[in-house]
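Trainee: I should like to learn how to read the features of a protein model. May we work through one together?

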Amino acid sequence: MNIVEIIEEYGLGKSGMIYRKGQQIVLENEKTGEHVAVKVVQHDSMQGWLAENGEGDWQWYHEKESQHWPEGTECWKYVKKVGT
């Protein structure tokens, strides 16, 4: 079985996106609409993205799909790869 067959059979999550270390992406704050370009350090389906911002600081950008976050937690959604 090749990688394409594996992807088609098992899927890659809701968006079909694999977030790799070092990949640069744009995220949108779901409350404010603010966009931020970050470099992915790690992606986790429960936590969201651990990413490095423009100042070199690492921060968790939580996804809304994970319902265990307390009220008022900033949630982010994937918009696109940087440069696309």
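Mentor: Let us start with Asn53. Not counting residues up to four places away in sequence, Asn53 touches Val38 and Tyr61. Please keep in mind throughout that this is a predicted model.

Trainee: Where does Asn53 lie?

Mentor: Asn53 is placed in the loop between S3 and S4. The C-alpha atoms of Asn53 and Ala37 are separated by 6.9 Å, although these residues are 16 apart along the chain.

Trainee: Does Asn53 count as buried or exposed?

Mentor: A residue counts as buried when its relative accessible area is under 20%. Asn53 has 15% relative accessibility, and therefore it counts as buried. The side chain of Asn53 also reaches the backbone nitrogen of Glu55, at 3.0 Å.

Trainee: How should I read the two strands on either side of that loop?

Mentor: One reads their direction and the bridges between them. Strand S3 (residues 48-52) and strand S4 (residues 58-63) run antiparallel and are joined by four bridges. Within this pairing, Ala51 stands opposite Gln59 in S4. The hairpin of S3 and S4 has five residues between the strands, and Gly56 there takes a positive phi near 90 degrees.

Trainee: In which sense do S4 and strand S5 pair?

Mentor: S4 pairs with strand S5 (residues 75-81) in the parallel sense, over two bridges. Here His62 stands opposite Cys75 in S5.

Trainee: What closed arrangement do the five strands form?

Mentor: The strands form a closed barrel in the order S1-S2-S3-S4-S5, and the pairing is mixed. From one strand to the next, the twist averages 55 degrees.

Trainee: What general idea should I hold about side chains in a strand?

Mentor: In a regular strand, side chains alternate between the two faces of the sheet.

Trainee: Which residues make up the largest nonpolar core?

Mentor: That core has ten residues in all: Tyr19, Ile25, Leu27, Val36, Val38, Val40, Trp49, Ala51, Tyr61 and Trp76. The elements that give two or more residues to this core are S1, strand S2 (35-44) and S3. S2 gives the most, with three residues.

Trainee: How many aromatic pairs does a search of the whole structure find?

Mentor: The search finds one aromatic pair. Tyr61 and Trp76 form this pair, with 5.1 Å centre to centre and 85 degrees between the planes, an edge-to-face arrangement. The pair links distant parts of the chain, since Tyr61 is in strand S4 and Trp76 is in strand S5, 15 residues apart. Both Tyr61 and Trp76 are buried.

Trainee: Which residues is Trp76 in contact with, leaving aside its neighbours within four places in sequence?

Mentor: The list includes Leu27, Val36, Trp49 and Tyr61, and among the others are Glu28, Asn29, Glu30 and Glu34.

Trainee: Asn29 appears in that list. In which strand does Asn29 lie?

Mentor: Asn29 lies in strand S1 (residues 24-29). Not counting residues up to four places away in sequence, Asn29 touches Glu34, Glu74, Cys75 and Trp76. The side chain of Asn29 reaches the backbone nitrogen of Lys31 at 2.8 Å.

Trainee: Why does Asn29 count as buried?

Mentor: The reasoning is that used for Asn53. Asn29 counts as buried because its relative accessibility is 0%.

Terms used:
Residues numbered from 1 in each chain as written. Predicted model: local features only at pLDDT ≥ 70, side-chain atom pairs only at ≥ 80, totals over all residues. Heavy atoms only, no water. Buried < 20%, exposed > 50% of the residue type's maximum accessible area, 1.4 Å probe, protein only. Polar contact = N/O pair within 3.5 Å; in protein donor to acceptor, adjacent residues only side chain to side chain. Contact = heavy atoms within 4.5 Å. Pairing = 2+ DSSP bridges. Phe/Tyr/Trp six-rings, centres within 6.5 Å; stacked < 30°, edge-to-face > 60°. Axes fitted to C-alpha atoms, helices over the stretch in contact; angles between N-to-C directions. Core = buried A, V, L, I, M, F, W, Y, C linked by side-chain atoms within 4.5 Å.
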